[in-house]
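Visitor: Could you take me through one part of this protein slowly? I'd like a close look at how the aromatic rings sit together inside it.

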Amino acid sequence: MRYILSFILLSIVSISFGQNNAGAAQFWNQLKTHCGQSFEGQITAGATPNDPFSGKKLVMHIRSCENNRIRIPFFVGEDKSRTWVLTFEDNKIQLKHDHRHEDGTPDKITQYGGMSTNSGLPTIQFFPADQETASLLPNASTNVWWIILDEKTFSYNLRRIGSDRLFTVTFDLTKPIQNPSAPWGWKE
């Protein structure tokens, strides 16, 4: 009987320890430490002369941190239409792209993204395109987004599998900047 109780106790502790230390949970908790802060970034891969991001100030604002949802507006110059929405559930993280017009109404191309297929690592999470994305943007059905997060940087990345399409913007987490005004569709 003592062995059975010991086994049950060890199993419960192992399950709890494994869930609390899952890569996605560690990633989530690290990202939440930056809630309320803004950071300037730069394109570190995939910049082209015709790229609408080139030559513009790039700012991410980890503006809203709820229990299972983090919203990160991403500004490109004066364009405040983009928000990355991360949702944490069952030790997985989902990434969606919320695009808005200046009046706050949703763009016709919005809510695309994907769900991580496993818990990932504490420093990196992958998001292959989901079916909603494939239906909305057929050419993006092979997209894979990933976020790399460490003590010093946050990088948002996109690779379109089967093409040369690669995009990375990296933010310096060691240098918070003044928070910008609200993104389109948000109230101050």
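Guide: Let's start with Phe74 and Trp84, which are both buried. Keep in mind as you look that this is a predicted model. Two rings like these can be summed up with a pair of values, because a pair of aromatic rings is described by the distance of the centres and the angle of the planes. For Phe74 and Trp84, the centres are 4.7 Å apart and the planes are at 20°, so the pair counts as stacked, the cut-off being under 30 degrees. Now trace the chain: Phe74 belongs to strand S4 and Trp84 to strand S5, 10 residues apart, and the pair links these distant parts.

Next, find Tyr156 and Phe167. Their rings meet edge-to-face, with 6.4 Å from centre to centre and 70° between the planes. Tyr156 is in strand S10 and Phe167 is in strand S11, so this pair ties together parts of the chain that are 11 residues apart in sequence. Are these two buried or exposed? Tyr156 has a relative accessibility of 7%, so it counts as buried. Phe167 comes out at 8%, so it counts as buried too.

Now step back a bit. By the pairing rule there are 12 aromatic pairs. One aromatic cluster is made up of Phe53, Phe74, Trp84, Phe154, Tyr156, Phe167 and Phe171, so both pairs we just visited have their rings in it.

Let's stay with Trp84 for a moment. Setting aside residues up to four places away in sequence, Trp84 touches a whole list of others, including Met60, Ile70, Ile72, Leu95, Phe154, Tyr156, Val169 and Phe171. Its stacking partner Phe74 is on that list as well.

Trp84 also shows up in the largest nonpolar core, which has 32 residues. Which members touch the most others there? They are Leu31, Ile72, Trp84, Leu86 and Phe154. Among the elements that give two or more residues to this core are strands S4, S5, S10 and S11, along with helix H2 (23-32). Helix H2 gives the most, with five residues.

Before you go, look further along strand S5, where you'll find Thr87. Thr87 has a relative accessible area of 10%, and since buried means under 20%, Thr87 is buried. Beyond its neighbours within four places in sequence, Thr87 is in contact with Trp28, Asn68, Arg69, Lys92, Ile93 and Gln94.

Technical notes:
Residues numbered from 1 in each chain as written. Predicted model: local features only at pLDDT ≥ 70, side-chain atom pairs only at ≥ 80, totals over all residues. Heavy atoms only, no water. Core = buried A, V, L, I, M, F, W, Y, C linked by side-chain atoms within 4.5 Å. Buried < 20%, exposed > 50% of the residue type's maximum accessible area, 1.4 Å probe, protein only. Helix = DSSP H or I, 4+ residues; strand = E, 2+ residues; numbered from the N terminus. Contact = heavy atoms within 4.5 Å. Phe/Tyr/Trp six-rings, centres within 6.5 Å; stacked < 30°, edge-to-face > 60°.
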